[in-house]
Amino acid sequence: MLGFLLPNLLYIGARDWESRKKEAQEKAKRVEQEFKRGKLTAKEAAGTAQTIIKLRQELHNGVREVNGGQNQLDLLDLLFETPIINVRFVKNRLGVSAPTANSLVSKFEESGVLTEMTGFRRNRKFRFEPYLRLFAESAEGQPLKQPWKI
């Protein structure tokens with residue numbers, strides 16, 4: 001009885017193997033493509049990280065060149081942690097007065113580092129545009145433009 005089943009099982013196994021072989025090859029190809037895609041994403045992330053470091057250095061140097069104070073440097077560091085802010089947040093996080101926080105934010109807005117988002121006169125929110133643009137541009141593959149100047 002085993003003599004009869006064995007050739008049939010081998011035939012079924014061989015036929016099944018052919019269909020599974022093709023399926024396995026397609027799956028291996030998809031895995032390879034995903035691996036390559038992940039590798040590319042890691043390279044893009046490393047490039048974005050290097051650009052962030054460069055941006056931070058350029059902005060810090062710009063503050064120093066115009067003899068900006070420690071509060072401006074502290075605000076820059078805060079923006080890299082929290083790229084969307086309002087004046088009250090700056091006041092609380094930096095431990096400065098409301099007029100000082102407002103002045104800092106206004107200077108950064110005038111220089112193009114911050115962009116007002118709401119269009120309101122009060123309770124305005126600001127975006128750290130050069131920083132946030134890095135992520136949009138790295139996703140689109142566009143080069144970084146530098147319209148800001150401190």
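Leaving aside neighbours within four places in sequence, Gln72 is in contact with Val63, Leu104, Lys107 and Phe108, contact being defined as heavy atoms within 4.5 Å. The model is predicted, with local features requiring pLDDT of at least 70 and side-chain atom pairs counted only at pLDDT 80 or more, whereas totals for chains, interfaces and linings use all residues. Residues are numbered from 1 along each chain as its sequence is written, and side-chain values use heavy atoms, with hydrogens and water left out.

Gln72 lies in helix 2; helices (H or I, at least four residues) and strands (E, at least two) are DSSP runs numbered from the N terminus. Gln72 counts as buried because its relative accessibility is 10%, buried meaning under 20% relative accessible area, exposed over 50% and partly exposed in between (1.4 Å probe, protein chains only).

The largest nonpolar core (buried Ala, Val, Leu, Ile, Met, Phe, Trp, Tyr and Cys residues joined through side-chain atoms within 4.5 Å) comprises 26 residues, and Leu75, Leu79, Val90, Leu114 and Phe128 have the most contacts inside it. Two or more residues each are given to this core by helix 1 (2-65), helix 2 (70-81), helix 3 (87-94), helix 4 (98-110), strand 3 (126-128) and helix 5 (129-140). Helix 2 provides the largest share, 6 residues. Beyond its neighbours within four places in sequence, Leu79 is in contact with Ile85, Phe108, Val113, Leu114 and Phe128.
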